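Here is a walk through one protein model, from its overall make-up to single residues. Keep the structure open while you read.

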Amino acid sequence: MPKQSIKEKKFLQGVESGRYTSDEQAARDLYNSNPNDVRYKMLKHRIKKKLFNELNYVIPEKVTSNFVRQKEIQCNSFIYQANIVRARYEFDLVINLANKALAVAQEFDFVDLKVSALELLCLGYSDQGLVKKFRTAQDDLKQTMQRFVKEREAVSLFQNINMQLRKSTKTRKEFLPQLPHLVKQLEALWEESGTFSTYYAYYRTYIWYHELEGNFKDIIAITVDALRLIEQNKINAHRFDLTYNNFIMVYAHLRAKQLNDGLMYAQENLGLYQPSTRNWFAYMENYFLLAVHARRYDLADILLLQVFDNGGFQKIPTIAKERWMLYRSYFRLVYPQSTVPEGEANNPYLLSLPEYSKDKLGFNVAILTLQFIYLLERGETEALLYRIESIKKYVSTHLKDAFSLRSKLFLKLLVLTVTEDYDAVACQSKGEPLYKKLMDTPAPGDAYAEIEIVPYEHLWDLILQILTKAEVKVHQR
């Protein structure tokens, strides 16, 4: 940075060290005044100007760890330098720098920067009378401009879609019917332009739409197809986020109940995620749930141990920790031989958690069910009668929409357990129509779903087993 005054140096050191966290603190310390003091305002103006000037000399690796962003900064830097020497009419240098920019732009499919680089090359070749090179660059520029227009249209559409889907649930639902047409429009723009940014706009919008609609098989199709397109060099491998693609692919396999393929992909690509990161823990949730849904309890037990033994567990957000605690409680139901950490055995099924609350959204049915099965195992009939009233109230208050049908059907089976006086044969017989309907009802779209940690069908089998064992105990007495 250029030469600094003592005040400028003191201000920057104060900000960097965290001593100045507000304008009030800085102005008081530097000028014994307030932020409106003209001296303080001028100090900030000078520093800001110097900092912006320094951006011209920035080292990309110091700005970001993202390799693609580093290359984008480098490419922009070549173009900036070419424009500087252009002002001095040094067209041999313009050509040299523009060619460097062009090489990076082509390797990473930065179409906008390719346009800028080709414009500079046309200018340089024209000035130097290099006819053949000029015409080649001009033809390339014309084609690239056509691709760029399509790309800008796609990016603009995508930004609008992104904005609409970030609004309220009501706005999202109103916007949803427009998405199929927009997806087709983006697909057409990608096929016409072939640029990475256009593909990305189509790919992300396609996933959002099918996720909201619960069409998880369609999500599997596009994520698997993306890998094929990379192999065929039809989309830029440098810029494509394999970690996101793999994450959403594994998640879609879980939701589409394509469990064995999902487990294969989950294991195959686990190495893409660093075990100390939040992404690893999020990925492991889907991997663990795939193993549980596939009844691969031996694998699920190993994955669970890996998560809780990971030193980074304490650093993940509280809500993520609570999810893992809930998963572990459920896992004890289906795999009793799993390791129970010391201190948790006395309250294995989270009885201290509220029956339902806003902060547990997406897990209310899971918590109610866990508490119900715990009381059923213990034979606490009075507590179960009270719990049934809570469940009935929850169903009538919170499960009115079509997307809650699976949860509604399963909770009705729980109520049936009590109304049929815990008779295993009667529950199985009278619960059969509900059970068949449950099996025929697909999982809802992601935006509205209650989470099935263990599939409701598996839990109903478990409940019937508990009732049968209880009857055997009664007869033995």
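Is Asp109 buried or exposed? Asp109 is buried, because its relative accessible area is 14%, under the 20% cut-off for that class. Asp109 sits in the loop between α6 and α7, the latter spanning residues 111-128. Its backbone has a positive phi of about 55°, although Asp109 is not a glycine.

Bear in mind that this is a predicted model. Now step back to the whole chain. The protein chain holds 22 helices and zero strands. It has 477 residues, and 46% of them are buried. Take the contacts in the chain with a separation of 6 or more: residues 24 or more positions apart account for 61% of these.

Return to the loops. Tyr89 also has a positive phi, of about 60°, and is not a glycine. Tyr89 is found in the loop between α5 (67-86) and α6 (91-108). Is Tyr89 buried or exposed? Tyr89 counts as exposed, because its relative accessibility is 65% and the exposed class starts over 50%.

Helix α6 itself contains Leu97. Leu97 is buried, with a relative accessible area of 12%. Leaving out residues up to four places away in sequence, Leu97 touches Phe78, Gln81, Ala82 and Val85. Leu97 and Leu120 are 23 residues apart in sequence, and their C-alpha atoms are 9.1 Å apart in space.

Next comes helix α11, residues 196-213. Its 18 residues reach 26 Å from first C-alpha to last, close to the 26 Å expected at 1.5 Å a residue. Helix α11 is mostly covered, with 16 of its 18 residues buried. Just after α11, Gly214 takes a positive phi of about 80°.

Move on to the loop between α14 (259-268) and α15, where Pro275 lies. Pro275 is partly exposed, at a relative accessible area of 45%. Beyond its neighbours within four places in sequence, Pro275 is in contact with Trp280, Phe281 and Asn310. Pro275 and Gln306 are 31 residues apart in sequence, with 9.5 Å between their C-alpha atoms.

Helix α15 follows, covering residues 278-293. What span should its 16 residues have at 1.5 Å a residue? The expected value is 22 Å. The end C-alpha atoms of α15 are 23 Å apart, which agrees. Of the 16 residues of α15, 13 are buried, so the helix is largely enclosed by the rest of the structure. Just after α15, Arg295 takes a positive phi of about 60°.

In soluble globular proteins, nonpolar side chains tend to be buried together. Which residues touch the most other members of the largest nonpolar core? They are Phe288, Trp324, Tyr330, Phe331, Phe372, Ile391 and Leu459, in a core of 76 residues. Helix α15 gives the largest share of this core, 10 residues. Apart from this core lies another, of 36 residues, including Phe158, Ala201, Ile230 and Ala252.

Trp324 is worth a look at the level of its contacts. Not counting residues up to four places away in sequence, Trp324 touches Phe281, Met284, Glu285, Phe288, Leu304, Val307, Phe308, Phe313 and Ile316.

Tyr330 is next. It lies in helix α17, residues 318-334. Tyr330 is buried, with a relative accessible area of 2%. Setting aside residues up to four places away in sequence, Tyr330 touches Val365, Ala366, Thr369, Leu370, Ile453, Val454 and Leu459. Tyr330 and Leu459 are 129 residues apart along the chain, yet their C-alpha atoms are separated by 9.8 Å.

Rolling a probe the size of a water molecule over the atoms shows where empty space is left. How many cavities of 30 Å³ or more does the structure hold? It holds one. About 30 Å³ of space lies in the largest cavity. Its lining is made up of Tyr330, Ala366, Ile451, Glu452, Ile453, Val454, Tyr456 and Leu459. By type, the lining residues divide into seven nonpolar, no polar and one charged. Tyr330 and Leu459 thus appear twice in this tour: they are among the core residues that touch the most other members, and they line the largest cavity.

Methods. Residues numbered from 1 in each chain as written. Predicted model: local features only at pLDDT ≥ 70, side-chain atom pairs only at ≥ 80, totals over all residues. Heavy atoms only, no water. Helix = DSSP H or I, 4+ residues; strand = E, 2+ residues; numbered from the N terminus. Expected span 1.5 Å × (residues − 1). Buried < 20%, exposed > 50% of the residue type's maximum accessible area, 1.4 Å probe, protein only. 1 Å grid on protein atoms, 1.4 Å probe; cavity = no way out; pocket = protein on both sides within 12 Å on 5 of 7 lines; lining within 4 Å. Points joined across faces, edges and corners; volume = space filled by probe spheres on them. Nonpolar A, V, L, I, M, F, W, Y, C, P; charged D, E, K, R; others polar. Core = buried A, V, L, I, M, F, W, Y, C linked by side-chain atoms within 4.5 Å. Contact = heavy atoms within 4.5 Å.
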